[in-house]
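Trainee: Before we go through the interfaces, I would like to hear how each term is justified.
Mentor: Then let us take them in turn, setting each value against its rule.

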Amino acid sequence: MASENQWVIASALVASLFLSFGIARTKAGRDFAAILQNSGSWIVLLIPVAGLAIGLALHEEHFALMMLATVLIYALACIGLTIQFGYAGVINFAGIAFFGIGGYTAAVLGGMGLPSLLVLLAGGLVSAAIGCILILPVLRTKGHYAALITIAFVLLFRSFLEVNHTLGGPQGLRVESATIAGQSLFTGIRIGSFEASFYLNYVLLALVLLAIFFLMARFLEKSWIGINLDSMREDPVGAAVFGVNVAYWRIMSFVIGNVLIGIAGATFAMMQTFIAPSNFTFQQSLLMLAIVVLGGIGNLWAVIPAAILVVVVPEKLQAISEYRFLVFAILVVLVLRFRPNGLFPRSMRNFRKEVGQ
Amino acid sequence: MAILLEYLFNGALLGVIYALVAVGFTLFFGVLDVIKFSHGDVLTLGAYSGLAAFVSLELLGLDLPVVSLIFVLVVAMLVTGLAGIAIGQFFVVPMRGSPAFNILLMTLMIGTAIHECIRLFVPGGANPKAFPTLLPRTPIEIGGAYIRLDSLLLLVLGIGVIVVTNWMVRHTKLGLAIRAVAQDGDTAQIMGIPFRRVVLATFALGSMLAGVAGVMNGLYYSEINFNVGVLLGVIGFSSAVVGGLGSIWGAIIGGFSFAALQTVWVLFFPEMSGYRDVFAFTTIIVLMTIWPTGIIAERYSERV
Amino acid sequence: MSKLFSADNVSVRFGGLQALDKLSLDIDEGTIIGLIGPNGSGKTTFFNAVTGLCRTAGGQILVDGEDIAGLHPRHVYQRGVSRTFQRSRLCLSLSVFDNVVIGRQNALDLTLFGNLFRRGRFIESVRENHDRVRALLSTFSEPLAARTFDPLHTLSMIDRRRIEVCRALIANPRLLLLDEPSAGMTPDETHEFMSDILKVRGDHPRMSIIIIEHEMDVIQRVADRCVVLNFGKKVAEGTFDAVVADPWVQEAYLGSS
């Protein structure tokens, strides 16, 4: 790709992002957000429809499709993080570690010839199970201390991978690509004259996963559980006095979140067909959190544009790719300082439609 | 026996560096109930500004070891102190009242910005840099063990700085104000203590300790890199937490405990020394499960 | 009338401070007790001890004969003890409905399966609970009942107090603890709010209430009996008039006024 071309695409991306942030603050933008928030479940179909349209349009572009799949996978992981601290207020700085656990599970189990969908599920479950080791300390401690435990865990995880030779040490492991219904996702789809990159397969897989879990997370938010999570996040003591089982919901949200992050990690590993400890640094964990914070803590829809911003822009705009951590660090600092609810703040849950008001 | 002594000595030196960082965390937490996670990267900044000071002395053609050392330390402390004040003034103090998570994440990101700036804008910043040898490396024999003179001096320097800090907090007017704010910020304000100034002074003081720790770390390993602060920050924070956030003695004990954990692991499993951080952090996590508020805080919770 | 609740020699200690010193207190079903005493006399500490927010250093707290001292706040709530806080502990970012309905923990379906996969049933239960919340709110104020999906931070002080009381009432508790409900209200609002309390009492004839209050006319108007605390000890007990006449109370609390 010519460098001028790159600049055009990059500036178009940046412009459209800023435009959408701008629109989010206008009346029309708020109406649109209200539609996304209040419409029935069918609105979630927007994700696979739009994703499929973009995927088909780009069906020959390996790199662009890989970016698209990466965005979707990161969005899935960030929905897990949103459940954890957007809803339940459980701080998890070890997002990338659970993502990595999913990936390494896929590497180990995929090599044994298990069905790929089972491997994905196993990625989620193993990551949740290992997360359970952290639950006791996270529950016993509050705020800063819980944060420290997850930070210590992500550093520990990385050093563990670096020195553990069964898991490939610093060189990492090869991962079997997924095979679903006899069809290897490593070969692109061919129908007549239509030939697609194999990344399109992963775009489709990620779209399906994202749509399902997005819908589940939406239901979770708009449920008795969602109300419980919100109230214990805002005031754990007050919630306990009114009968909310705070410890139980902390555990549940941590586990559910880690399942999603683990599944995302397994998908990512299968797509890349290779993972190494250097993918799972503390910096990466911070980038994942940046997606959630920049979008708007607790706002599911905001995760998608924020994931595009964090994943695609630095890749497309090579001038800043070297500076990506710096740029996003500064962006997050500014957002937290001046607009702590994020660029697209979460809107309040209501049941107006359900009760016919 | 001799080897044991060497291990003990190196562990003590690491402990002093960790304790210096931990005391900073404890001071910030004391006055403002916040964790300023950029602390580790402020340390890196200190190390690099010390290096820059040395390089500029060299360019001027001055080669006086003692003067260089003092100049390097002063510059490092000046830069880190100012950085501490700036972070406090523009980011942490205005965020008082936000959720703890927001402040934690924000300061983490400030730290990231600092070390990314070093990586990107310092010539050759992405690679480890040699740190000058400013202290004589003569080996000294103590009971059959050989200990480098510079390490001994560093140990003395670190302990001295901690003692002076402790004395300042306990016996000076500033220390009194810091302790008053730590007890109850609002009341201290009513009693006429300039809250913001005390907080910023605390940030300066804590960050200067990080500056000293950064230079010490550079002198000890003869090398610095842009990433050193992340791990040292987490270690310092762990030490402060395990000791009991808010207590200076807790921070010191925590720092030495962490170094002891690492040293013990290397001592017993020399062929698996790569796992020393895994072991140390796992132990910290277990310790925190047993004592969620730290070892010291519960028993005699004397804050700062 | 039967004895619903009794505290027997309850003590609470904070370090060297004896916040509650062998306090004993009984309530019959359907009565209102006014708990009075100067700041720091241990009134709120007593509420905290009952609701499991602070540890007791001795004594029993009996609800229907069962000792609830040392139980987790959640379990205390399940035994029918509910409260409000002096400084409101509502969730400002949530709607009125969310804030009130949280009190119905035991009646809500909290399974993952029920919430995620039986959406039809969930929506039905939303309707049912919404009707309940509205009905409860409208006993306090009709305009408030129409605002179930307004964010809480848009409400006035008195409406927030009402929400707190509604949240405490939604599960039909047997014992309601009101911690200085008039704090931060204008005299008119206080007056209105007391009428609400009396209305609540009329609607729940078997419920007992303990109310902490500094406004003496409030206590005079609503309380059947008063208990006076000072330095964590009970210094007087009886009808409002008897308590006010007590020389101990004159000295310890009411002063010369």
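**Two interfaces of chain A**

Mentor: In this predicted model, the side chains of C:Asp98 and A:Arg349 meet in a salt bridge, with 2.8 Å from N to O.

Trainee: Why is the pair C:Asp98 and A:Arg349 called a salt bridge?

Mentor: The rule asks for a side-chain nitrogen of Lys or Arg within 4 Å of a carboxyl oxygen of Asp or Glu; A:Arg349 and C:Asp98 are at 2.8 Å, N to O, and therefore the pair qualifies. Across the interface of chain A and chain C the rule finds 3 salt bridges, together with 13 residue pairs in polar contact, both residues at pLDDT 80 or more.

Trainee: Which helix gives the most to the side of chain A that touches chain C?

Mentor: That is H9(A), with 8 residues, and by class this side of chain A has 17 nonpolar, 8 polar and 8 charged residues.

Trainee: How many salt bridges are counted between chain A and chain B?

Mentor: The count there is 0, while 2 residue pairs are in polar contact between chain A and chain B, again with both at pLDDT 80 or more. The side of chain A that touches chain B divides into 31 nonpolar, 5 polar and 3 charged residues.

Trainee: What makes 31 of these residues nonpolar?

Mentor: They are counted as nonpolar because each belongs to the set Ala, Val, Leu, Ile, Met, Phe, Trp, Tyr, Cys and Pro. As for the area, chain A and chain B bury about 3,800 Å² between them, 81% of it on carbon and sulfur atoms.

Definitions and conventions
Residues are numbered from 1 along each chain as its sequence is written. Chains are lettered from A and ligands numbered from 1 in the order in which they are written. This is a predicted model: local features need pLDDT of at least 70, side-chain atom pairs count only at pLDDT 80 or more; totals for chains, interfaces and linings use all residues. Side-chain values use heavy atoms; hydrogens and water are left out. Buried area is the accessible area (1.4 Å probe) that two parts lose on being put together, summed over both. A polar contact is a pair of N or O atoms within 3.5 Å; within protein, one must be able to donate a hydrogen and the other to accept it, and residues adjacent in sequence count only if both atoms are side-chain atoms. Helices (H or I, at least four residues) and strands (E, at least two) are DSSP runs, numbered from the N terminus.
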